[in-house]
Amino acid sequence: MSNCTPQCGKLPFRSWGNPQPYFYNAVSQYLVYVIFSVLLLAIPIVIADIRYRKIPNIYLWFLIWFLVPSIVFSGLGSLKPLLIFLLISAALTVLGMGMGDMKLLSVIALWLNTDKNGSLLFFGALLILLSAVHIYWIAIKTRSISVSIPLAPSIFLALSLYLAT
């Protein structure tokens, strides 16, 4: 480090700050790409779920294709919250949730569990809250309680809110 002060017209190298390493920038750009891809794939999934009350497997395969590199490079994270979330999802499947919704939740749970700072239980709470609001909104709109309710809009809205926090 030189003995030069800012008054002499030249700043020492250390005062420029520590630039971010290239790897950090590449990972950040990749995460933005993955999040954009997931939210872009949400559009046909939500449309199919609202229109036909089914989530086609081809959309889930595209979603898995975009998320697997993130899961491989980040690791699975802690297994305890993942198992709790998947057991609750399996119980909801027994109570009437569709298999497409279960597969979609499983893929998203695997991806969100790679985040060391995140909480799957918080995502689950957001999902339950938004699903209840969605059911209530449909009941008010149709003035009856529907037998089948599309869950994909609630899942992706909960995912968007979770990623925004």
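## A walk through an all-helix chain, starting at D101

D101 sits in helix α4, which covers residues 99-112. That's a fun place to begin, as D101 is buried and yet has no salt bridge. Keep in mind as you look around that this is a predicted model. The nearest side chain of opposite charge belongs to R53, and R53 is 9.0 Å away. A salt bridge here would need a side-chain nitrogen of Lys or Arg within 4 Å of a carboxyl oxygen, so D101 goes without one. What does D101 touch, once residues up to four places away in sequence are set aside? The list is D49, I55, L151, A152 and I155. Some of these are easy to place: D49 falls within α1, which spans 22-52, while A152 and I155 fall within α6, which spans 152-164.

Now step back to the whole chain. Count up the elements and you get six helices and zero strands, so to speak a plain α-α-α-α-α-α run from the N terminus on. The chain has 165 residues, and 32% of them count as buried. Take the contacts between residues at least 6 apart in sequence: 72% of those join residues at least 24 apart. On the outside, the chain exposes about 11100 Å², with carbon and sulfur atoms supplying 71% of that area.

Back inside, then. The largest nonpolar core has 35 residues, and the ones that touch the most other members are L67, L104, I108, L112, F123, F156 and L159. Which elements give two or more residues to this core? They are α1, α2, α3, α4, α5 and α6. Helix α4, where we started with D101, gives the most, with eight residues.

Two of those well-connected core members deserve a closer look. F156 lies in helix α6 and counts as buried because its relative accessibility is 4%, under the 20% cut-off. Leaving out residues up to four places away in sequence, F156 touches V38, A42, I45, V46, L104 and I108. Of these partners, V38, A42, I45 and V46 fall in the 22-52 stretch of α1, and L104 and I108 fall in the 99-112 stretch of α4. The link to α1 shows up in backbone terms too: F156 and I43 are 113 residues apart along the chain, yet their C-alpha atoms are separated by 9.3 Å. The other one to look at is L112. Beyond its neighbours within four places in sequence, L112 is in contact with L120, F123, L159, Y162 and L163. Here L120 and F123 belong to the 120-142 span of α5, and L159, Y162 and L163 to the 152-164 span of α6.

Next, the surface. I84, I88, L92, L95 and L121 form a nonpolar patch there, and together they have about 480 Å² of accessible area. Helix α3, residues 79-94, supplies the largest share of the patch, with three residues. I84 is a residue of α3, and so is L92. Are these two buried, partly exposed or exposed? I84 has a relative accessible area of 34%, so it is partly exposed. L92 also counts as partly exposed, because its relative accessibility is 38%. L92 has a link to the part of the chain that follows: its C-alpha atom is 8.5 Å from that of M102, ten residues apart along the chain.

For another pairing across the sequence, try V72 in helix α2. V72 and T114 are 42 residues apart in sequence, with 9.1 Å between their C-alpha atoms. V72 itself counts as exposed, because its relative accessibility is 58%.

Last stop, the loops. R53, which we met as the nearest opposite charge to D101, is in the loop between α1 (22-52) and α2 (57-74). Its phi is near 60 degrees, a positive value in a residue other than glycine. The loop between α5 (120-142) and α6 (152-164) holds R143, where phi is again near 60 degrees and positive, in a residue other than glycine. How exposed is each arginine? R53 has a relative accessible area of 39%, so it is partly exposed, whereas R143 is exposed, with a value of 79%.

How values were computed: Residues numbered from 1 in each chain as written. Predicted model: local features only at pLDDT ≥ 70, side-chain atom pairs only at ≥ 80, totals over all residues. Heavy atoms only, no water. Helix = DSSP H or I, 4+ residues; strand = E, 2+ residues; numbered from the N terminus. Buried < 20%, exposed > 50% of the residue type's maximum accessible area, 1.4 Å probe, protein only. Contact = heavy atoms within 4.5 Å. Areas by Shrake-Rupley, 256 points an atom, 1.4 Å probe, with all protein chains shown as cover. Patch = residues over 30% accessible without salt bridge, like charges linked within 9 Å, V, L, I, M, F, W, Y side chains within 5 Å. Lys, Arg positive; Asp, Glu negative; His and termini not counted. Core = buried A, V, L, I, M, F, W, Y, C linked by side-chain atoms within 4.5 Å.
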